[in-house]
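Hi,

Here is the structure I promised to pass on to you. Have a look at it first, and then read my notes underneath.

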Amino acid sequence: MTTTEMSEDGEPTRRDFIHIMGIAATAVGAGAVAWPMIHQMNPDASVLALSTKEVDLSAIDVGQAIRVMWQGKPVFIRRRTAEEIAEAEATPLSALPDPDARNENLAGGAEATDAARATASDGEARPEWMVVVGVCTHLGCIPLGTDSGDNRGEYNGWFCPCHGSHYDIAGRIRKGPAPANLDVPPYQFVSDTLIRIG
Ligand code: FES
């Protein structure tokens, strides 16, 4: 009998044996490769660093806004003037199409007061700073209003030109097809001039 023949009694031939040994060796090899791959999937320091973003606020003037990238999304940070804060605080909840704060630093269901929108992870509202994810809640365009000279819309905040959504100075939807306020991402104040997003 050669290695290419089947045995007459149904026992594995030498060729079958070699084939089985090959599969077993492959399985062991796959296991040896799988562990480093699984191990690599555990978040290490560099991955965690990518999931957060530290931003120095000291260079942002009153009335100015900047854009940073966090987890592939733009985040707008605006240092609001006293007049802008007063206007936002005076806005009645009844004027808001979306009454939900949509602030990841607060428990769900918080109302979209200006203070709730300006609250960081420590539960403290810092009205001077408005931090929002810069993605329109309609179909995901990036609203204007962060760069100087931008159209900030009818409510002096951000304006999405894709279909005409107007957000106010607290990032709350006020007019247009967008159904919800801009999200407030999780962030904390590491110091008075440094925040960590994420
Ligand atoms: S995507 Fe912003 S209004 Fe449609």
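Below is what I found, going from the whole chain down to single strands.

Please keep in mind that this is a predicted model.

**The chain as a whole**

The protein chain contains four helices and nine strands. Following the sequence, these elements come in the pattern α-α-β-β-β-α-α-β-β-β-β-β-β. The chain has 198 residues, and 26% of them count as buried. Among contacts with a separation of 6 or more, 46% link residues that are 24 or more positions apart.

**The nonpolar core**

The largest nonpolar core has 27 residues, and the ones touching the most other members are Val75, Phe76, Met130, Val131 and Val132. Two or more residues each come from strand 2 (65–70), strand 3 (73–79), strand 4 (129–133), strand 5 (156–160) and strand 9 (194–197). Strand 4 supplies the largest share, with four residues. As a general background, nonpolar side chains in soluble globular proteins tend to be buried together.

If you want one residue to start from, try Val132. Leaving out neighbours within four places in sequence, Val132 is in contact with Phe76, Gly171, Leu182, Asp183 and Val184. Phe76 is itself one of the core residues that touch the most other members.

**The three-stranded sheet**

Three strands make an open sheet in the order 2-3-4, and their pairing is antiparallel. Strand 2 and strand 4 are at the edges with a single partner strand each, so each has one side without a neighbour in the sheet. On average, and with direction ignored, neighbouring strands here are turned by 20° against each other.

Within this sheet, strand 2 and strand 3 run antiparallel and are joined by six bridges. Val68 has Val75 in strand 3 as its bridge partner, and Val75 is also among the core residues with the most member contacts listed above.

**The hairpin of strands 5 and 6**

How much of strand 5 is buried? Four of its five residues are, which leaves the strand mostly covered. Strand 5 pairs with strand 6 (residues 165–168) in the antiparallel sense, over four bridges. One pair to look for is Phe159 with its bridge partner His166 in strand 6. The two strands form a hairpin with four residues between them, and Gly164 in the turn has a positive phi of about 80°.

Do write back once you have had a look around; I would be glad to go through it together.

Best wishes

Notes: Residues numbered from 1 in each chain as written. Predicted model: local features only at pLDDT ≥ 70, side-chain atom pairs only at ≥ 80, totals over all residues. Buried ≥ 20, exposed ≤ 12 C-beta atoms within 10 Å, placed from the backbone. Contact = placed C-beta atoms within 7 Å. Core = buried A, V, L, I, M, F, W, Y, C linked by C-beta atoms within 7 Å. Pairing = 2+ DSSP bridges. Axes fitted to C-alpha atoms, helices over the stretch in contact; angles between N-to-C directions.
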